[in-house]
Amino acid sequence: MTNNKKPIVVVEGLRKYYPVGNSNTSRARQMVHAVDDVSFEIAEGETLGIVGESGCGKSTIGRQIMALERPNAGKIWYDGQDITAMSESQLRGIRTEFQMIFQDTNSSLNPRKQIYDILATPMLYHKIATKENVKQEVERLLDMVGLAKSSLNKFPHEFSGGQRQRIGIARALSLKPRLLVCDEPVSALDVSVQAQILNLLTSLQEEMNLTYVFIGHGLGAVRYISTRIAVMYLGKIVEIADAKDLFENPQHPYTKALVDASPIPDPNLRDRSRIVISGEIPSPVNPPSGCRYHPRCPYAKEECKKVDMELQVVDSSSSHLCACPFYATNLAKEE
Amino acid sequence: MEHKGNMQRVTKRFMKHKLAVVSLIFLLIMIILAILAPVIAPYNPNQVSGGFSKPPSMDHLLGTDQIGRDMLSRLLYAMRISLFVGAAATVISTLIGVILGLLSGFIGGVVDSIIMRITDMVMSFPYILLVLVAAAVFEPGLWSIVLILGFVDWPGVARLVRGNVLSIREMNYIKADIAAGMPKRFILFSEILPNTIAPVFVYATQVFAISILDEAALSFLGMGVQPPTASLGNILNGAESITVLTSKFWLWVPAGVLIVLLVISINFVGDALRDALDPSV
């Protein structure tokens with residue numbers, strides 16, 4: 001896979017189930033299979049995009065990497081340390097190294113605190129800044145994310161969504177992290193602001209040698225920022241490849257459908273053999289047997305209903321992994 | 001100073017409620033009168049200073065009671081006692097409620113279950129009966145009634161705070177704090193608590209009003225503040241007799257009206273505060 005760079009995060013066999021409703025009383029507790037046996041690596045300095053429909057488990061993966069929740073099974077190594085086995089106090093020692101930015105900018109900042117307090121308190125607590133230079137540090141952070149110094153004494157409600165997202169980024173960066181988990185950071189922003197935030201993230205990455213996990217459902221944004229992309233469907237990764245490779249040469253019918261579903265500005269390029277997904281996403285409480293995509297897959301075979309498809313190397317020279325062994329051969333037949 | 005902008009907005013929204021502004025002014029005047037009772041009361045409230053049950057006159061503006069004490073002086077002192085009982089009971093119950101609510105919502109699990117079951121228990125007790133029994137077991141008096149009311153009124157506050165904590169706990173800024181490795185005490189006291197204070201404040205005004213009513217009810221029944229100390233409730237106690245009720249209005253109308261006005265204006269202020277403090281408006 002990514003042999004050239006050492007991985008900063010290794011996820012192995014990650015599973016996270018949530019109980020359905022408040023089912024203390026019901027005998028057989030039903031579970032949402034939010035993330036079901038997912039493994040991948042993130043190389044230092046890269047941006048791993050995670051895409052998928054709502055409810056496919058992409059944000060859950062983000063929360064597990066951030067150690068905000070404990071997985072039901074599986075391990076997550078951060079820089080060689082298994083964070084799933086750490087106690088809360090052990091975790092506190094390394095938490096500053098991975099930070100998160102959120103989708104909902106309304107709830108990501110305490111409405112009763114000024115920007116200065118929001119940014120300064122964690123730095124002072126972790127002794128990243130001293131009482132003497134903390135003001136300078138906060139101003140430097142604001143400058144870095146493109147906000148005026150006068151923002152210091154304002155409250156979150158005085159900012160627009162894009163500006164609040166910038167503050168969120170500044171807060172995440174204030175602790176000098178190495179890994180940034182971006183949970184749909186631009187999904188709630190309008191398009192022009194999305195581009196600004198994405199450009200800001202890209203330039204910050206170069207400046208500070210950051211590693212990103214970029215979770216999103218808009219393919220455009222994910223493609224723009226990611227070096228590698230993982231496609232998720234119903235709690236599983238169905239395909240993972242370099243961004244360019246994934247878009248030009250999708251190997252999984254679901255990936256192909258996703259790529260086809262994103263609008264193409266140039267009308268001359270539009271006419272292609274498009275896959276249109278039909279039907280609803282099945283319930284993650286009772287996921288389909290075998291390949292989870294088979295009820296909606298136009299190429300589904302009898303075998304797909306029985307065998308749980310594993311990620312396999314598509315071609316030995318690349319790092320392209322795909323969970324569907326049939327699609328490529330199907331395509332060849334059609335042509 | 002930090003919240004200057006915020007305070008101004010809240011004040012402005014509060015001012016829109018004319019009734020609440022009038023109520024607030026009335027309350028402030030009453031509180032000042034109560035505090036200044038020893039200075040402005042024309043007579044010693046517990047000393048006989050005129051004839052028995054005399055109607056209002058220039059000497060005794062609100063007349064005298066059955067044993068010749070000046071009613072105006074007694075009313076001023078009574079208000080002092082009633083407001084004090086209401087305020088002290090509110091402070092006690094709010095403190096208990098906030099602490100238990102914070103613990104319950106923040107720690108969760110077994111602690112949450114235990115605290116909430118106790119809350120349900122206290123809530124499901126017949127209120128006035130509990131207070132009567134408690135008043136009978138402990139010696140009735142000023143402090144016992146403060147404590148009794150304080151220990152009875154907290155479940156509402158606890159539930160309110162717990163609900164707030166549960167919703168604030170899911171906010172992204174709390175997740176950001178956890179991700180930043182901030183300590184629990186910071187999250188609890190610096191992030192969660194300030195965000196629950198506004199609704200608690202509003203709720204406390206209701207508790208204040210209810211406490212004044214409860215004190216009046218208890219004292220009326222003779223289980224509250226004990227004579228000769230005057231309270232709005234035990235002044236009303238004199239109205240138990242039919243002759244007083246029908247022909248000696250000055251013995252009970254002022255105290256009754258005062259209770260009604262105090263409770264109504266506290267509730268108006270509370271309603272306006274709720275609107276003014278609601279950030280979604």
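Here is a friendly exchange about a predicted model with chains A and B.

Student: What ipTM does the model score?
Tutor: Good place to start, since this is a predicted model. The pTM is 0.82, and the ipTM is 0.85.

Student: What is the mean pLDDT of chain B?
Tutor: Let's look at the spread before the average. In chain B, 97% of the residues reach a pLDDT of 70 or more. The mean for chain B is 87.

Student: Which helix supplies the largest share of the side of chain B that touches chain A?
Tutor: Happy to walk through it. Contact involves 15 residues of chain B and 21 residues of chain A. On the chain B side, helix H9 (172–179) and helix H10 (184–220) each supply at least two residues. The largest share is 6 residues, and it comes from H9(B).

Student: How many nonpolar residues does that side of chain B have?
Tutor: Sort the side of chain B that touches chain A by class. There are 3 charged and 3 polar residues. The nonpolar ones number 9.

Student: How much of the span 79–270 of chain B is helix?
Tutor: An unreviewed UniProt entry annotates residues 79–270 of chain B as "domain: ABC transmembrane type-1". In the model, the end C-alpha atoms of this span lie 20 Å apart. Strand makes up 0% of the span, and helix 82%.

Student: Why is chain A said to be as compact as a globular protein of its length?
Tutor: Chain A has 10 helices and 12 strands. For its 335 residues the globule rule gives 20 Å, so a nearby value points to globular compactness. The radius of gyration of chain A is indeed close to that, at 21 Å.

Student: What percentage of the contacts in chain A with a separation of 6 or more joins residues 24 or more positions apart?
Tutor: Nice follow-up! The C-alpha atoms of chain A fill a box of roughly 70 × 55 × 40 Å along the principal axes, and 43% of the residues in chain A are buried. Among contacts with a separation of 6 or more, the share from residues 24 or more positions apart is 66%.

Student: Which are the edge strands of the open sheet in chain A?
Tutor: The sheet has 8 strands with mixed pairing, in the order E6-E7-E8-E3-E9-E10-E12-E11. An edge strand here pairs on one side only. In chain A that describes strand E6 (98–101) and strand E11 (312–313).

Student: Which residue of E7(A) stands opposite Gln99(A)?
Tutor: E6(A) pairs with strand E7 (residues 179–183) of chain A in the parallel sense, over 4 bridges. Opposite Gln99(A), in E7(A), stands Leu180(A).

Key
Residues numbered from 1 in each chain as written. Chains lettered and ligands numbered in written order. Predicted model: local features only at pLDDT ≥ 70, side-chain atom pairs only at ≥ 80, totals over all residues. Contact = placed C-beta atoms within 7 Å. Nonpolar A, V, L, I, M, F, W, Y, C, P; charged D, E, K, R; others polar. Pairing = 2+ DSSP bridges. pLDDT = per-residue confidence, 0-100. UniProt positions renumbered as here; feature names shortened; annotations may be inferred. Rg over C-alpha atoms; globule rule 2.2 N^0.38 Å. Buried ≥ 20, exposed ≤ 12 C-beta atoms within 10 Å, placed from the backbone.
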